[in-house]
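Hi everyone, thanks for making time this morning. I'd like to walk you through a model, sheet by sheet, and then stop at a few spots that caught my eye.

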Amino acid sequence: MRIIIPQPQLLKHLQIVEHAVNERSTLPILANILFQAEENELVLTATDLDVGIQCRCPLTQPAERGAVTLPARKFTTIIKELPNESVMVEAKKNQTATVTCGTSHFRIPGLPAEDFPTLLQTPGGEGVSLSQGELKALITKTSYAMSIEETRFILNGTLITTQKNALVLVATDGRRLAIALAALNTASKQPLQAVLPTKTIRELGRLLTDDDGEVTITPVKDNQFVFKFGPVSIVTRLIEGQFPSYDKVIQPPSKNTVSCSRALLTNAIRRASLM
């Protein structure tokens with residue numbers, strides 16, 4: 001494997017996938033990032049077996065095909081300290097990679113790419129799509145209500161479901177409940193319903209943009225979902241169990257309502273909370 005890529009471009013894509021790395025795992029290869037060089041593309045993949053992130057990076061110079069896994073933290077730290085120049089990464093059959101940039105030269109031992117877990121599985125049904133900005137807004141409006149207690153594991157995540165032509169996100173910790181919905185660009189014939197773990201919600205909130213770029217959500221086999229947007233794919237396992245029937249606790253609209261400035265109310269709550 002041999003690639004040449006600008007340092008800012010390589011660092012940007014490394015920072016996208018490195019959050020899925022698990023350095024505390026008993027499997028050493030889960031602390032590594034998988035590098036797969038194709039003719040005009042570099043594919044970076046990281047996973048902790050629960051959440052996996054894959055990012056495709058176009059190359060302006062043809063690459064020598066090959067694959068290797070390299071330690072995520074060490075490699076990213078090295079790339080971060082390199083100057084804004086072209087970086088050459090070359091991996092030999094002994095799984096050792098050399099990184100060259102200007103007058104800097106590093107040798108990093110890796111592990112065989114064949115030992116890295118397979119990330120993308122066979123699709124298990126039709127998917128749905130909506131804009132990245134809308135999905136990010138749904139996550140912002142609901143994620144704060146997720147539970148952090150380990151006693152009720154099903155609440156340590158967010159319910160994602162479809163209703164007619166809308167995508168609905170629901171989160172609760174047993175004391176508060178947050179629900180938000182957005183219209184779908186394309187709807188599935190079969191309704192989707194799953195509970196996404198906290199880490200997946202956080203990674204989606206971090207990587208999704210506020211623009212109108214489309215994100216597709218597709219169920220796959222082995223109790224997984226795939227989110228695809230731009231050059232990024234996130235594969236996540238789902239939390240097994242029955243999410244509470246949230247619709248039964250929603251009270252009908254009241255006739256007694258008040259309205260006021262949100263800024264004034266926020267400031268008043270902040271001052272009162274001091275006591």
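**The first sheet and its helices**

Let's begin with an open sheet of four strands, ordered 1-6-7-8, with antiparallel pairing. Its edges are strand 1 (2-6) and strand 8 (104-109); each has a single partner strand, so one side of each is left without a neighbour in the sheet. From one strand to the next, the twist averages 20°.

Before I go further, a word on the ground rules. This is a predicted model, in which local features need pLDDT of at least 70 and side-chain atom pairs count only at pLDDT 80 or more, while totals for chains, interfaces and linings use all residues. Residues are numbered from 1 along each chain as its sequence is written, and side-chain values use heavy atoms, with hydrogens and water left out.

Some vocabulary too. Helices (H or I, at least four residues) and strands (E, at least two) are DSSP runs numbered from the N terminus, and two strands pair if DSSP finds at least two bridges between them. Angles run from 0 to 180 degrees between N-to-C directions, with axes as lines fitted to C-alpha atoms, for helices over the stretch in contact.

Back to the sheet. Strand 1 and strand 6 (residues 86-91) are paired in the antiparallel sense over five bridges, and there I4 has M88 as its bridge partner in strand 6. Helix 1 packs on this sheet, touching strand 1 and strand 6 (contact means heavy atoms within 4.5 Å). The direction of helix 1 makes about 100° with that of strand 1. Helix 2 (residues 72-81) lies across strand 6, strand 7 (96-101) and strand 8, and runs at about 175° to strand 8.

**The second sheet**

Now for the other sheet: four strands form an open sheet in the order 12-11-10-13, with antiparallel pairing. Here the edge strands are strand 12 (177-183) and strand 13 (193-197), each pairing on one side only. Neighbouring strands of this sheet are turned by 20° against each other on average, direction ignored.

Strand 10 (residues 157-163) pairs with strand 13 in the antiparallel sense over five bridges, and L159 stands opposite V195 in strand 13. Helix 4 (residues 198-207) packs on the sheet and touches strand 10 and strand 13, its direction making about 80° with that of strand 13. Helix 3 (residues 132-142) lies across strand 10, strand 11 (166-172) and strand 12, running at about 170° to strand 12.

So how many residues of strand 11 are buried? Seven of its seven (buried means under 20% relative accessible area, exposed over 50%, partly exposed in between, with a 1.4 Å probe and protein chains only). A166, V168, V170 and T172 point one way from strand 11, while L167, L169 and A171 point the other way. Five bridges join strand 11 to strand 10, with T161 partnered by V168. Seven bridges join strand 11 to strand 12, where V168 stands opposite L181.

**The hairpins and D173**

The hairpin of strand 10 and strand 11 has two residues between the strands, and K164 takes a positive phi near 60° there. In the hairpin of strand 11 and strand 12, four residues lie between the strands, and G174 takes a positive phi near 95°.

D173 is found in that second loop, between strand 11 and strand 12. Is D173 buried or exposed? D173 counts as buried because its relative accessible area is 11%. A polar atom of the D173 side chain lies 3.0 Å from the backbone nitrogen of R175. Leaving aside neighbours within four places in sequence, D173 is in contact with A145, M146, S147 and L155.

**The cores**

The largest nonpolar core (buried Ala, Val, Leu, Ile, Met, Phe, Trp, Tyr and Cys residues joined through side-chain atoms within 4.5 Å) has 67 residues. Those with the most contacts inside this core are F35, F75 and F227. Helix 1 (residues 7-17) gives the most to this core, with five residues. A second, separate core of nine residues includes L155, V168, F243 and Y246.

**Last stop: helix 5**

And to finish, helix 5 (residues 262-273) is hardly covered: among its 12 residues, the count of buried ones is zero. Happy to take questions!

Methods. Polar contact = N/O pair within 3.5 Å; in protein donor to acceptor, adjacent residues only side chain to side chain.
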